[in-house]
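Dear colleague,

I am handing over the structure we spoke about, with the sequence alongside. Please open both before reading on, since the notes that follow go through what was found.

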Amino acid sequence: MTNPFEASASALGYFYQVRLALFLLINEGKRRPALEITIEGLDDIVFEHEGAAVELIQSKFHIQSTASLTDRSEDLWKTLRVWSHHIKEGAISATDTLFTLFTTANAPVGSAASLLRHDPNRNTTVAREKLEQVAGEESNTANLPGYRAFMALTPSQRQELVSNIRMLDHAASVTNVMDNAIGEFQLVTRPQFLTQVYERVEGWWFNRVLKHLTREYQGSILFQELQDQVHLVQEQFQPENLPIDFSSIPDIAEDQLPEEERIFVEQLRLILVSEPRIQKAISDYYRAYCQRSKWVREDLLLVGELDEYEAKLVDEWERRFLIIQEGIDAGAPETIRQSGGKKLYQWVEMDLPSNPSLYIRPRCTESYVIRGSYHLLANRLEVGWHLDFAARLQHLLK
């Protein structure tokens, strides 16, 4: 039977690796803008410059806070095995590459790992000697491949490797890595929006890493890509703008909406709108509903702003509705009344997205916000398309 705790640890390990990669790229990219990053290439995380690896990074996550990085730790020797193999094969240079181990485990005092921290007690010669002594043991079958890979290096290669190892034990947890990354946004984001900006950048990052791992996008991930995304998201939190989060969510079917949220669909059927256009309307309705709800949850709207916006939409609709109404006699046949409604709804579909006066904020121009807001109003029968929409559909509100 699969151990659910092992599965959770494995999932958290991958999550930790990807989140750590984001934090490191943010942090290192400020100093080296030409930096690129590869995940699951030569190592868990690899920094590259002009196509050459400059730093190999291993990330080791442990749920238990008591995990220890002793001289015989499997984490340590699995890591040394990977690095030693690449050096032996000539894939990297032991002299010109930095080797970093991020681990949530603790290195005991006096251990080889503790001597490879960047602190006054760092001693790469003694650390190498300790590792060589342990590697001479044959009884530890789990570590044996690591022992042999390390000892297959020449003495000078072993010393060069150990000299370039940067040991970061007792590293930040999954949540602490996020907190550290959020702190990196302080210079480009207003304080009240730090978490919201970071969450949107991280969402983009996980999607970008997925495309990277599936080779949908060839090559490394550039720091410039991350920088552009940070600026794009940050600009959405300016006073004249609002973030847009639901442009790419999948469409939903009509039967996935609660019955009380299908009144706007009946509005469209009154004027004989085709089913494909109704599906587009459902998509706009759902995206606008999700978006507006998220703005409210994140406290991104001013007091009364949404009410004022809807009042503006209703006023604009009413002016056009009255024009259509005046042009059609009270006794006109149903086909004429439906035609008037179609003309009014066409204004919502085609003309609204290019009308700045109906944007909720001047730079928030996403069309589903406008169209979807009208469908939300139509669902409450505050606006409608057929001249007799209120009389025919009032019973649905009950």
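**Buried and partly exposed partners in salt bridges**

R19 has a relative accessibility of 7% and therefore counts as buried. Please keep in mind throughout that this is a predicted model. The side chain of R19 meets that of E202 in a salt bridge, with 2.6 Å from N to O. R19 belongs to helix α1 (residues 4-29) and E202 to helix α7 (residues 194-213), so that this pair ties together parts lying 183 residues apart in sequence. E202 also counts as buried, because its relative accessibility is 10%, under the 20% at which that class ends.

As general background, side chains of opposite charge can pair when their charged atoms come close. A search of the whole structure finds 28 salt bridges, and a few others are worth describing here. E28 forms one with R32, where the closest N and O atoms are 3.0 Å apart; E28 counts as buried at 9% relative accessibility, whereas R32, with a relative accessible area of 29%, is partly exposed. In helix α2, K78 and E74 lie four residues apart, which is about one turn of the helix, and their side chains meet in a salt bridge at 3.9 Å from N to O. Both partners of this pair are partly exposed, K78 with a relative accessible area of 48% and E74 with one of 40%. Finally, E254, E266, R269 and E275 are linked with one another in a network of salt bridges.

**The sheet and helix α2**

In what order do the six strands of the open sheet run? The order is β5-β4-β3-β2-β1-β6, and the pairing within the sheet is mixed. The edge strands are β5 (165-168) and β6 (221-222), each of which pairs on one side only. Helix α2 (residues 74-89), which holds the K78 and E74 pair, packs on this sheet and touches β3 (52-60), β4 (98-103) and β5, its direction making about 165 degrees with that of β3. At the β6 edge, strand β1 (residues 36-39) pairs with β6 in the antiparallel sense over two bridges, and E36 stands opposite L222 in β6.

**Helices α9 and α13**

The axes of helix α9 (residues 263-270) and helix α13 (residues 367-379) come within 7 Å of each other and cross at roughly 95 degrees, and the two helices are therefore roughly perpendicular to each other. On the α9 side the contact is made by I263, F264, Q267 and L268, and on the α13 side by H375, A378 and N379. Sorted by character, the residues of this contact comprise four nonpolar, three polar and no charged.

**The surroundings of E334**

E334 has its place in helix α12 (residues 334-351) and counts as partly exposed, because its relative accessibility is 29%. Which residues does E334 touch, if those up to four places away in sequence are not counted? The residues touched are L270, H386 and R392. Of these, H386 is 52 residues from E334 along the chain, and the C-alpha atoms of E334 and H386 are separated by 9.8 Å.

With best regards

Terms used. Residues are numbered from 1 along each chain as its sequence is written. This is a predicted model: local features need pLDDT of at least 70, side-chain atom pairs count only at pLDDT 80 or more; totals for chains, interfaces and linings use all residues. Side-chain values use heavy atoms; hydrogens and water are left out. Axes are lines fitted to C-alpha atoms, for helices over the stretch in contact, and angles run from 0 to 180 degrees between N-to-C directions. Angles under 35 degrees count as roughly parallel, over 145 as roughly antiparallel, 65 to 115 as roughly perpendicular and the rest as oblique. Contact means heavy atoms within 4.5 Å. Ala, Val, Leu, Ile, Met, Phe, Trp, Tyr, Cys and Pro count as nonpolar, Asp, Glu, Lys and Arg as charged, and the others, Gly among them, as polar. Two strands pair if DSSP finds at least two bridges between them. A salt bridge is a side-chain nitrogen of Lys or Arg within 4 Å of a carboxyl oxygen of Asp or Glu. Buried means under 20% relative accessible area, exposed over 50%, partly exposed in between (1.4 Å probe, protein chains only).
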